[in-house]
Amino acid sequence: MKFPSTLVFLSLFLVTSFQACSRQGKSFVPPIPGYSTTNKQVIVLDKELLEISGMFYLPDTRIAAINDEDGKIFMINSSTGDYTVTKFGRKRDYEDIAMVGDYYYVLESNGNIHRVPAATANSEEEFEFPRDKKIEFESLYYDPNLRQLVLVSKEQRETKKGVITYTFSPDSLQFSDQILYEIRRKEIHAHLKDNNAQFKPSAAAIHPKLNKLFIVASVGKAILQTTLDGKIEGAWQMNPDQFPQPEGICFAPNGDMFISNEGVDGKATILKFPYTPPAK
C-alpha cells in the first residue's frame with residue numbers, strides 16, 4: 001500500500017517535531033542521576049571569556065578559568081559571573097587548569113604544563129611534555145589518590161587509540177614515562193550505542209561525592225562517567241542547544257556541577273546543575 005507524498009511528509013514532520021519537543025529543556029539524555037535540569041542556572045559571561053576553555057572550582061566558591069590563547073587566569077564568581085583577571089604568560093593554546101597546593105597548573109594543547117603561583121599569579125614556570133608532540137591534549141585534572149595531575153588526550157593520531165592519559169607530579173615536577181590508562185574507542189561506542197560516535201575529550205573532573213571521573217567531549221556532545229582508572233560506567237548525550245561547545249567542567253564540594261560553553265554563536269556561558277544524591 002502506497003501513501004500519498006503529502007501524508008509521508010506530514011508523518012515525518014510530526015516525528016521530527018516530537019523529537020524536538022521531547023528534547024526541549026532536557027540537558028542530558030538519559031538524565032544524569034542526581035541532577036535535575038529544571039533547577040539549572042545559566043550564567044552568561046563577559047566577552048573577554050568568549051573562548052573559556054577550562055575551569056577549576058576553588059575553596060572560596062569562585063571558579064578559576066582560562067581563556068583559549070590568552071595567558072590569563074580569570075577568577076569567576078560562581079553565582080553571578082563577575083570576575084577578576086591576572087596575566088601570567090604570553091599567548092599559547094591553553095586548554096585546562098587545576099590547582100594543587102599553592103599553585104595553578106595550566107595545560108597547553110601540546111602537553112606542556114605551566115605552573116603559576118596562586119599568591120601572585122603573574123609569573124610562571126613551564127615544563128615541557130617530553131613525548132611525541134602529535135598527541136593533542138585538552139583536559140587536565142588532579143587525582144588526590146595518586147597525588148598526580150592527569151593529562152587527558154583529545155586523540156592520539158598515530159595509533160588511533162581512543163583516549164589516553166599521562167601524569168605530571170606536582171611534587172617532583174616530572175611527567176610519567178608510561179600511559180596511565182586508556183579508553184578504547186570500541187568501549188566508548190558501546191556505551192554511547194553508536195559505532196560512529198565521535199568522542200574527543202575537552203574537559204574532565206573528579207566528582208567529589210561519587211569519586212568518579214566525568215569526561216566531557218565537545219566533539220561528540222557527550223559525557224562519560226568512569227572509574228579513576230578509566231573504566232566506563234555511564235554515558236550521556238548532551239543537548240547541543242544548551243551545550244554548543246562544552247569546554248570545561250568542575251564540581252563544588254557538595255557535587256554541584258558546572259559546565260562551560262565557548263561562545264560559538266553568541267556569549268559564553270556556565271551552566272550550573274545542583275546535585276541531590278539519588279535515593280538508594
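## Strand 20 and its neighbours

Two strands pair if DSSP finds at least two bridges between them. In this predicted model, strand 20 and strand 21 (residues 269-273) are joined by 5 bridges and run antiparallel. Here Phe258 of strand 20 has Lys272 of strand 21 as its bridge partner.

Strand 20 also has a link to strand 19 (residues 246-251): again the two run antiparallel, with 5 bridges between them. On that side, Cys250 is the residue that stands opposite Phe258. Strands 19 and 20 make a hairpin, with 5 residues between them. In its turn you will find Gly255, with a positive phi of about 100°.

How well covered is strand 20? Of the 5 residues in strand 20 (residues 257-261), 5 are buried. The cover extends to both faces: Met257, Ile259 and Asn261 are buried on one side, and Phe258 and Ser260 on the other.

## Aromatic pairs

Let's turn to the rings. A pair of aromatic rings is described by the distance of the centres and the angle of the planes. With centres within 6.5 Å as the cut-off, the model holds 17 aromatic pairs. One of these is formed by Phe129 and Tyr166, whose centres are 5.5 Å apart. Their planes meet at 75°, and because an angle over 60 degrees counts as edge-to-face, this pair is edge-to-face.

Where do the two rings sit along the chain? Phe129 belongs to the loop between strand 10 (125-127) and strand 11 (135-143), while Tyr166 is part of strand 13 (residues 163-168). The pair therefore ties together parts that are 37 residues apart in sequence. Phe129 has a relative accessible area of 1%, so this residue is buried. Tyr166 is buried too, at 3% relative accessibility.

A stacked example is the pair of Phe214 and Trp236, at 6.1 Å centre to centre and with 5° between the planes. Phe214 comes from strand 16 (residues 212-219) and Trp236 from strand 18 (residues 232-238), so this contact ties together parts that are 22 residues apart in sequence. Both Phe214 and Trp236 are buried.

## A cluster and a charge

Phe129 and Tyr166 also belong to a wider group of rings. Ring pairs connect them with Tyr103, Tyr105, Phe127, Phe137, Phe168 and Phe175 in a cluster.

Which charged residue sits over the ring of Tyr103? It is Arg115, whose charged end lies 4.0 Å from the centre of that ring. Tyr103 thus carries two roles in this picture: a member of the ring cluster and the ring beneath the charged end of Arg115.

Terms used: Residues numbered from 1 in each chain as written. Predicted model: local features only at pLDDT ≥ 70, side-chain atom pairs only at ≥ 80, totals over all residues. Heavy atoms only, no water. Phe/Tyr/Trp six-rings, centres within 6.5 Å; stacked < 30°, edge-to-face > 60°. Helix = DSSP H or I, 4+ residues; strand = E, 2+ residues; numbered from the N terminus. Buried < 20%, exposed > 50% of the residue type's maximum accessible area, 1.4 Å probe, protein only. Lys NZ or Arg CZ within 6 Å of the ring centre and 35° of its normal.
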